[in-house]
Amino acid sequence: MKKAILLLILCISAFAAKAETFFESCEKIQGASTIYVSKAMISMAGNLDIVDGDVDLNSLASKIDGLWVVTGEGKTAAEIKNKAKTALDTSKYEKLLSVKEDSQNVDIMMRSGNGNKNECIVYATEPSETTVIIITGTFTLQDIIKATKR
C-alpha cells in the first residue's frame, strides 16, 4: 500500500493555480492539516539520495514544480471531501488507478496541460479520513515508472 500511495503522489502534475486555490481554501478549515512543498525545496531534496526500497525519487525531483497535501479526520474530512468535489473537476482527469479495499478508496488521476505540464491527484478516503495530494510538474507516467523500477 505504501508503494501505491507513493506512486499516486508521483502521478500528480500541472495546473498549479487550481491546486493553490483548492489548497488555500482547505487551509481555512478548522482541524485540517496542510503541507506545501515548493519547487525550490524539492530541488534541494533532489541533491539527496532519496531511495526507499524499490523507489528512487532522485530522477523525478527536477521535474516536480510543487506538492500539496491536505488531510483531515471526522467532520474535517467531510468538509475536505466536499471542497474537493466542487474544486477539482474530475471529468477533466484521466483515472490512472482506482483501489477499493473494505471502506477505503484511493483514486489516482492525471491531466496534461500546456507546455508538458501535468497535474496528478491522489484522492484517498476512509469513513472518517480524507487525504488529497496534488503534484504538478513536467514529469510523465514513464518517469514515474522508471523511478519505481530499481
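**Exercise 1. The aromatic residues**

Is Tyr36 buried, partly exposed or exposed, and what is its relative accessible area? Work this out in the predicted model shown above, and then describe the aromatic pairs that Tyr36 forms.

*Solution.* Begin with accessibility: Tyr36 has a relative accessible area of 43%, and because buried means under 20% and exposed over 50%, Tyr36 counts as partly exposed.

Next, turn to the rings, of which two aromatic pairs are counted. Phe23 and Tyr36 make up a tilted pair, with 6.5 Å from centre to centre and 55° between the planes. Since Phe23 belongs to helix α2 (residues 16-27) and Tyr36 to strand β1 (residues 33-38), this pair ties together parts that are 13 residues apart in sequence. Phe23, unlike its partly exposed partner, is buried, with a relative accessible area of 6%.

Tyr36 also pairs with Trp68, again in a tilted arrangement, at 5.3 Å centre to centre and with 40° between the planes. Here Tyr36 in strand β1 meets Trp68 in strand β4, so the parts tied together are 32 residues apart in sequence. Trp68 has a relative accessibility of 4% and therefore counts as buried.

As a final step, put the pairs together: Phe23, Tyr36 and Trp68 form one aromatic cluster.

**Exercise 2. The salt bridges**

Find how many salt bridges the structure holds, and then say which parts of the chain are linked by the bridge between Asp65 and Lys39.

*Solution.* The structure holds four salt bridges. In one of them, Asp65 is joined to Lys39, and the closest N and O atoms are 3.3 Å apart. Locating the partners shows that distant parts of the chain are linked, for Asp65 sits in strand β4 (residues 64-73) and Lys39 in helix α3 (residues 39-46), 26 residues apart. Lys39 itself is partly exposed, at 34% relative accessibility.

Now take Lys95 and Asp107, whose salt bridge has its closest N and O atoms 3.6 Å apart. Because Lys95 lies in strand β5 (residues 94-101) and Asp107 in strand β6 (residues 104-112), the pair ties together parts that are twelve residues apart in sequence. Asp107 is buried, with a relative accessible area of 16%.

A further bridge connects Arg111 with Glu119, at 3.1 Å between the closest N and O atoms, and both of these residues are buried. To finish, look for shared partners: Lys39, Asp65 and Lys117 are joined by their salt bridges into one network.

**Exercise 3. The two sides of a helix**

Describe the span of helix α5 (residues 75-87), and then decide which residues lie on its buried side and which on the face turned away.

*Solution.* First consider the span, for helix α5 has 13 residues and reaches 18 Å from its first C-alpha to its last, which is close to the 18 Å expected at 1.5 Å a residue.

Then list the buried residues of α5, which are Thr76, Ala77, Ile80 and Ala84. Because they cover an arc of only 100° around the axis, they lie on the same side of α5. The general rule behind this step is that an α-helix has 3.6 residues a turn, so residues three or four places apart point the same way.

Finally, turn to the opposite face: Lys75, Lys85 and Thr86 are exposed residues on the face of α5 that is turned away from its buried side.

How values were computed: Residues are numbered from 1 along each chain as its sequence is written. This is a predicted model: local features need pLDDT of at least 70, side-chain atom pairs count only at pLDDT 80 or more; totals for chains, interfaces and linings use all residues. Side-chain values use heavy atoms; hydrogens and water are left out. A salt bridge is a side-chain nitrogen of Lys or Arg within 4 Å of a carboxyl oxygen of Asp or Glu. Helices (H or I, at least four residues) and strands (E, at least two) are DSSP runs, numbered from the N terminus. Buried means under 20% relative accessible area, exposed over 50%, partly exposed in between (1.4 Å probe, protein chains only). The expected span of a helix is 1.5 Å times one less than its number of residues. The arc is that of the directions from the helix axis to the C-beta atoms. Rings of Phe, Tyr and Trp (its six-membered ring) pair if their centres lie within 6.5 Å; planes under 30 degrees apart count as stacked, over 60 as edge-to-face and the rest as tilted.
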